[in-house]
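Subject: Structure handover and notes

Dear colleague,

Please find the structure we talked about below, with my notes after it. I have tried to explain each term where it first comes up, so that you can follow along in the viewer.

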Amino acid sequence: MPPRLARRRFLQAVGAGAASLMLPRGVCPAGERGGKPNLIVILADDLGYGDVGCYGGKAVATPKIDALAGGGMRFTDFHSNAPVCSPTRAALLTGRYQQRCGVEGVLTVRGHRHTGMDLAETTFAEVLKAAGYATALFGKWHLGYPVRFNPTKQGFDEFRGYVSGNVDYHSHVDQGGVEDWWKDCRKVPEKGYTTDLITGHGVRFIERHRDKPFCLYLAHESPHYPYQGRKDKPERIAGRAGSPVGSRADRAGAYREMIQALDEGVGQVAATVRRLGLERRTLIVFCSDNGPAGPGAAGPLRGRKGSLWEGGHRVPGIACWPGRIRAGSVTDAAAMTMDLFPTMASAAGATLPKGLDLDGADLLPVLTGRGKLADRKLFWRFRNQKAVRDGAWKLLLAAGAPPRRKRPGRSAPPTALYHLADDLAERNNLAEREPKRAAALRAALAAWEADVTAGVQRQS
Ligand SMILES: [Ca+2]
């Protein structure tokens, strides 16, 4: 069967077709008001569902992020495509399940310095650049180490930041002891606290491009380890990485300072957009790439980074666009990182390359309150865990060895079925009570796996 036909049949079989097909192949609906809105994606790293004030977080105040939500829409059911960094970023960049490009796990400094996401993948930056947008990434890439995988090879006009998973917030040395701060394809050191550098580059980019459409991807490091505040000293030096998480004893305190700096950065970006009179012409999206680690909080959710329980992938998700998105609105529509590509393309009225099939759905109807997402199933796979969502139902499979051998009590059972509307904390396994539903979801998962991995070589 030709791959495209097989894919269509698969989509029909799992009921996912309607959502994907909302975006006709090759054509995006034009922005409803004409013109090209500016697009800003702010991605936090390892920020948990319970780390933000407007999601019930108590440990640290986040007035600027809360204000962004207050001026726009807050998603209660927004998900990262994966419970770890690189694969979620692959899905964000490609608008497709990351399994399709083989980036299923973290591209580590130890095992993956030679590799990266295939340049043949089409990114949102490439599509928007072709539509006349100025494009930039400031912050974390984590989709390839060698220069041939640099963000500037994937549609970004400008890149300032790091290509690994995390750097010392002051010395910008990665976890393997390698200096990792770039200006496009060259290593160019810069003094400063990572979060503030990323914010500053973002603000100046907006100022420089105030008169033409721009797409800004601000990939923050905060609140990923090492746990360092603005006033802490650099710890990693080139050639000697030291402890990955840093030596500060008061990790919770450092974590608060890191989120405060992130929050201030979000405020500065939003204030710049306002100051330049671009508010009604700019869509700002804020979300996290996976659930919390270290001192982070998952709020009412079970599980953390690395887990396919909700805590691993249900994350804060906020969209703000005055005049288009109603201020203070809240939605329970289930959305995923990979939806942002088609959403931005749709808002921009950009044309997709012929033959490019995106898995993500255009969220504009939800954002503008003019429609709903078509019914669809959502899928996750990470290491030995797999999950599928269908409405309020979630099937979670954990094959073989538990994900955390040292803490077996935290591992998912081999087969679990949860009704999230009644049981957000995933405590009541209904798999035995609902065997037919569990079997149907298991079959949908198997069909999805066969589809997304046909002919794919894993990068990790
Ligand atoms: Ca992360």
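A cavity is a set of points, on a 1 Å grid over the protein atoms alone, where a 1.4 Å probe fits but cannot get out, whereas a pocket is an open set with protein on both sides within 12 Å along at least five of seven lines; in both cases, lining residues have an atom within 4 Å of a point. Grid points are joined across faces, edges and corners, and a volume is the space filled by probe spheres set on the points.

Please keep in mind that this is a predicted model, in which local features need pLDDT of at least 70 and side-chain atom pairs count only at pLDDT 80 or more, while totals for chains, interfaces and linings use all residues. Residues are numbered from 1 along each chain as its sequence is written, and side-chain values use heavy atoms, with hydrogens and water left out.

Cavities and a pocket

The structure holds two cavities of 30 Å³ or more, and the second largest of them encloses about 60 Å³ of space. Its lining includes F75, F78, V285 and F286, and β10 gives the largest share of that lining, three residues. Helices (H or I, at least four residues) and strands (E, at least two) are DSSP runs, numbered from the N terminus. By class, the lining of this cavity has nine nonpolar residues, two polar and no charged, where Ala, Val, Leu, Ile, Met, Phe, Trp, Tyr, Cys and Pro count as nonpolar, Asp, Glu, Lys and Arg as charged, and the others, Gly among them, as polar.

The second largest pocket holds about 590 Å³ of space. It is lined by 24 residues, of which D77, D332, A333, A334 and R389 are the closest to its centre, and the elements that give two or more residues to this lining are β13 (377-382) and β14 (385-390). Here the classes are 11 nonpolar, four polar and nine charged residues.

The loop between those two strands, β13 and β14, contains R383, which has a positive phi of about 50° although it is not a glycine. R383 is exposed, with a relative accessible area of 69%; buried means under 20%, exposed over 50%, and partly exposed in between (1.4 Å probe, protein chains only).

The calcium site

Which residues hold the calcium ion? Its protein donors come from D45, D46, C85, D289 and N290, at 2.2 to 2.6 Å from the ion. Donors are N, O and S atoms within 2.8 Å of the metal (3.2 Å for Na, K and Ca), and water is not among the atoms, so sites may look incomplete. D46 lies in the loop between β1 (38-44) and α3 (63-70) and N290 in the loop between β9 (282-288) and α8 (310-313), so this pair ties together parts that are 244 residues apart in sequence. D46 is buried, with a relative accessible area of 2%, and its phi is near 70°, a positive value in a residue other than glycine.

Two cis peptide bonds

Lastly, a cis peptide bond joins S222 and P223, with omega about -5°, and another cis peptide bond joins Y225 and P226, with omega about 5°. P223 lies in the loop between β8 (214-219) and α7 (251-275), and P226 is found in the loop between β8 and α7 as well.

With best wishes
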